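Here is a short report for a first look at this structure. Please keep the model in view while reading.

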Amino acid sequence: MKLRVSAVQYHLHTIQSFEEFAKQVEHYIKTAEEFGADFVLFPEFFTTQLMSIGNQQGQPLTIQDLPDFTEQYRSLFINLAKQTKMHIIGGTHVIRKGGRLYNVAHLFYPDGRVAEQPKLHITPTEVKEWNMSPGESLQVFETDKGTIAMLTCYDIEFPEIVRMAKAKGADVIFCPSCTDDRHGFHRVRYTSHARAIENQVYVVTTGTVGSLPTVDFMRANFGQAAVITPNDIPFPPRGILVEGEINHDMIVTADLDLELLYQVRESGSVTTWRDRRTDLYPDWK
């Protein structure tokens, strides 16, 4: 099984309307379509760009206003997924349920279905400044191109949750991210490599670039897309199939071969998944 993935280094800048946002999204998706992608990944919190539209008094919107765009967001991506016949991971969008805010990754299927995975681990800033709530459970998602999981930014820094995703059958982890400096970026990047090695899976990650001068906590972004592999003979020595230019507005594309994962799990230089010492530490069978 082979699949082609594209990851968007989404450029954040101030906009005036939802239509302007939609045109930017469509540009990236059409680019991925021209590359023949089966999946396209957008970053975490890229819909915060909608907060820069402001209200009628010319004031920027707040995180509490962002869920008001949910129906427009879903409709836009549902239509684009159906038109292009691609699977679109629409980054994350903040939704409201039961009076609480959740940072939710959305998978838009080519047939119009929508799947959701709330972020499970919430950073101190998300708690203190935006009063976010964590999701309660991990899911994996079946597609006609294999089984995937969506783990957002901070989630990838916790080995247990990726172990669970692999145990549930995920071969590809899509990790939308949003980091504001080099420290945060490298935390996510280095742990993405660790998770790929530990679990012998692919990790596809990307982040926001640019800035939103009127939106609190989105004024600085440091991002780069990458498609990350296990470190073994069938793959590139550094475990990177492709990576973008840091902080550039661009899209990267690579082909994933799931058969190579199955080969290295069975007879690779190391077989990290098979060699877990479940007699010494708790794990997921």
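The crossing of helix 4 and helix 5 is right-handed; a crossing counts as right-handed if the near helix is turned clockwise from the far one by less than a right angle, and as left-handed if anticlockwise. Pro159, Val162, Arg163 and Lys166 of helix 4 make the contact with Arg195, Glu198 and Asn199 of helix 5 (contact: heavy atoms within 4.5 Å). The two axes come within 10 Å and cross at roughly 45°. That makes helix 4 oblique to helix 5. Angles under 35 degrees would be roughly parallel, over 145 roughly antiparallel and 65 to 115 roughly perpendicular, with the rest oblique. Axes are lines fitted to C-alpha atoms, for helices over the stretch in contact, with angles from 0 to 180 degrees between N-to-C directions.

This is a predicted model, in which local features need pLDDT of at least 70 and side-chain atom pairs pLDDT 80 or more, while totals for chains, interfaces and linings use all residues. Residues are numbered from 1 along each chain as its sequence is written, and side-chain values use heavy atoms, without hydrogens and water. Helices (H or I, at least four residues) and strands (E, at least two) are DSSP runs, numbered from the N terminus.

**Helix 5**

Helix 5 covers residues 182–199 and has 18 residues. Its first and last C-alpha atoms are 26 Å apart, close to the 26 Å expected at 1.5 Å a residue; the expected span is 1.5 Å times one less than the number of residues. Its buried residues include Phe185, Val188, His193 and Ala196. Buried means under 20% relative accessible area, exposed over 50%, and partly exposed in between (1.4 Å probe, protein chains only). The buried residues pack against several elements, among them strand 10 (172–176), strand 11 (202–206) and helix 6 (258–267). At the start of helix 5, a side-chain oxygen of Asp181 reaches to within 3.3 Å of the backbone nitrogen of His183.

Thr205 lies in strand 11. Its relative accessible area is 5%, so Thr205 is buried. The Thr205 side chain reaches the backbone oxygen of Cys175 at 2.9 Å. Beyond its neighbours within four places in sequence, Thr205 is in contact with residues including Val188, Ala7 and Leu41.

**Helix 2 and the loop before**

The 15 residues of helix 2 should span 21 Å at 1.5 Å a residue, and the end C-alpha atoms are 21 Å apart, which agrees. Among its buried residues are Tyr73, Leu76, Phe77 and Leu80. They pack against helix 1 (18–34), strand 4 (87–97), strand 5 (100–108) and strand 6 (114–118).

Leu66 sits in the loop between strand 3 (39–41) and helix 2 (70–84). With a relative accessible area of 0%, Leu66 is buried. Leu50 is 16 residues away along the chain, yet the two C-alpha atoms are separated by 7.3 Å. Phe45 also has its place in the loop between strand 3 and helix 2. Phe45 counts as buried, at 5% relative accessibility.

**Positive phi**

Most residues other than glycine have a negative phi. Where is phi positive here?

| Residue | Phi | Place |
|---|---|---|
| Phe45 | near 60° | loop between strand 3 and helix 2 |
| Lys85 | near 60° | follows helix 2 |
| Gln200 | about 50° | just after helix 5 |
| Asn247 | about 65° | loop between strand 14 and strand 15 (250–257) |

Asn247 counts as partly exposed, at 32% relative accessibility.

Technical notes:
A polar contact is a pair of N or O atoms within 3.5 Å; within protein, one must be able to donate a hydrogen and the other to accept it, and residues adjacent in sequence count only if both atoms are side-chain atoms.
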